[in-house]
Amino acid sequence: MVTVMTCSTSPALQALLAAVEPERNALLAHPVYASLRTMEDLRRFMEIHAFAVWDFMSLLKALQAKLTCVAVPWLPTPDPEVRALVNAIVLGEESDATPDGCHRSHFELYREAMLSAGANTAPIDQMLDAVRRGVPWREALAGCSLPGGVRDFVRYSLETAETSPIHVVAAVFTFGREDVIPGMFTRLIEDLRSRFPGQLASFQYYLQRHIELDGDDHGPMSLRMMEHVCGGDPRAWAEATEAALKSLTLRRGLWDALLVR
């Protein structure tokens, strides 16, 4: 278990948090949560949201590749604390404990929850199968029948993971995902419990794990990571703020796509 330092945030991080607060609040108040009235609504939500669950891991792996050493021969990276933070997040996201004592990535937990709920896994399975066969991800994504808002969200995540500087990757990961997910999923799980009592155990387990891990551990860890990768560089903080806002706006576009009938 990595201990997250509890010292006060820097003025630069406080300014970034203030800048993203309106867009973050808009996500938490989005009507998509209340729109999931039937099992069919929920299944459609899961089929599309699965793409956001999947592309998250590429952002995380980009951080791991740039902030830890995954090459042979191994060499120590310059910042041991940020290395520990990233590796701890990878462990929780890629190899979390399951109720039966096994281990799964959160994507695999999500896919199992989809099957349990009767959702169609074919779209996300086809995407992953194409990538496994060596199809470039842009081509594989273009071949999926998805709303534009979903494609835009996934494209931005993967392009960021592949080509952006580390502080931009960290900002998209932190503010587009880890910082906002506990609030979003708390709204979602509350609605699901009231509308589908005694059902959706697998999906609720997935949501609850994210609320616990991201709220208590991964979110604070990610904020600490931001302070390390941006440091005292005003340009890095400005670029991180721009990327954080864009990632939140694109997430809202993804939610908007789920409201179109």
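Contact here means heavy atoms within 4.5 Å.

**Figure 1. Helix α2 packs against helix α3 in this predicted model.** Helix α3 covers residues 80-94. Seven residues of α2 take part in this contact: Phe56, Met57, Leu60, Lys61, Leu63, Gln64 and Leu67. From α3, they meet Val82, Arg83, Val86, Asn87, Ile89, Val90, Glu93 and Glu94. By type, the contact residues are nine nonpolar, two polar and four charged. The two axes lie 10 Å apart, at an angle of about 150 degrees. Angles over 145 degrees count as roughly antiparallel. Therefore α2 and α3 are roughly antiparallel to each other. Their crossing is left-handed.

**Figure 2. A cis peptide bond sits between Val72 and Pro73.** Omega is about 0 degrees for this bond. Where is Pro73? Pro73 belongs to the loop that links α2 and α3. Most peptide bonds are trans.

**Figure 3. Helix α2 meets helix α11.** Helix α2 spans residues 39-67, and α11 spans residues 234-259. Their axes come within 10 Å. The crossing angle is roughly 160 degrees. That makes α2 roughly antiparallel to α11. Which hand does the crossing have, left or right? The crossing of α2 past α11 is right-handed. On the α2 side, the contact uses Arg44, Phe45, Ile48, His49 and Ala52. On the α11 side, it uses Arg251, Leu254, Trp255, Ala257 and Leu258. Seven of the residues in the contact of α2 with α11 are nonpolar, one is polar and two are charged.

**Figure 4. Helix α2 runs alongside helix α7.** Helix α7 is made of residues 148-163. The axes of α2 and α7 come within 8 Å and cross at roughly 10 degrees. Angles under 35 degrees count as roughly parallel. So α2 is roughly parallel to α7. Helix α2 brings Ile48, Phe51, Ala52, Trp54, Asp55, Ser58, Leu59, Ala62 and Lys66 to the contact. Helix α7 brings Val150, Phe153, Val154, Ser157, Leu158, Thr160 and Ala161. How do the residues of this contact divide by type? They split into 11 nonpolar, three polar and two charged. Two α2 residues listed here, Ile48 and Ala52, also appear in the contact with α11.

**Figure 5. Leu200 has a positive phi.** The value is near 60 degrees, and the residue is not a glycine. Most residues other than glycine have a negative phi. Leu200 lies in a loop. The helices on either side of that loop are α9 and α10. Helix α10 covers residues 201-230.

**Figure 6. Confidence varies along the chain.** The average pLDDT of the chain is 91. A score of at least 70 is reached by 96% of the residues. Which helix has the highest confidence? Helix α5, residues 122-132, does, with a mean of 97. Confidence is lowest in helix α9, residues 181-195, where the mean is 85. Over residues 1-7, pLDDT stays under 50. In the model, this stretch has 12 contacts beyond four places in sequence. Where pLDDT is low, the predicted coordinates should not be read in detail.

**Figure 7. The whole chain gives the setting for the close-ups.** The chain holds 11 helices and two strands. From the N terminus, three helices lead to the two strands, and helices follow to the end. The C-alpha atoms fill a box of roughly 50 × 40 × 40 Å along the principal axes. The radius of gyration is 18 Å, which agrees with the value near 18 Å for a compact globule of 261 residues.

Notes. Residues are numbered from 1 along each chain as its sequence is written. This is a predicted model: local features need pLDDT of at least 70, side-chain atom pairs count only at pLDDT 80 or more; totals for chains, interfaces and linings use all residues. Side-chain values use heavy atoms; hydrogens and water are left out. Axes are lines fitted to C-alpha atoms, for helices over the stretch in contact, and angles run from 0 to 180 degrees between N-to-C directions. Helices (H or I, at least four residues) and strands (E, at least two) are DSSP runs, numbered from the N terminus. Angles under 35 degrees count as roughly parallel, over 145 as roughly antiparallel, 65 to 115 as roughly perpendicular and the rest as oblique. A crossing is left-handed if the near helix is turned anticlockwise from the far one by less than a right angle, and right-handed if clockwise. Ala, Val, Leu, Ile, Met, Phe, Trp, Tyr, Cys and Pro count as nonpolar, Asp, Glu, Lys and Arg as charged, and the others, Gly among them, as polar. pLDDT is the predictor's confidence in each residue, from 0 to 100. The radius of gyration is taken over C-alpha atoms; the globule rule is 2.2 Å times the number of residues to the power 0.38.
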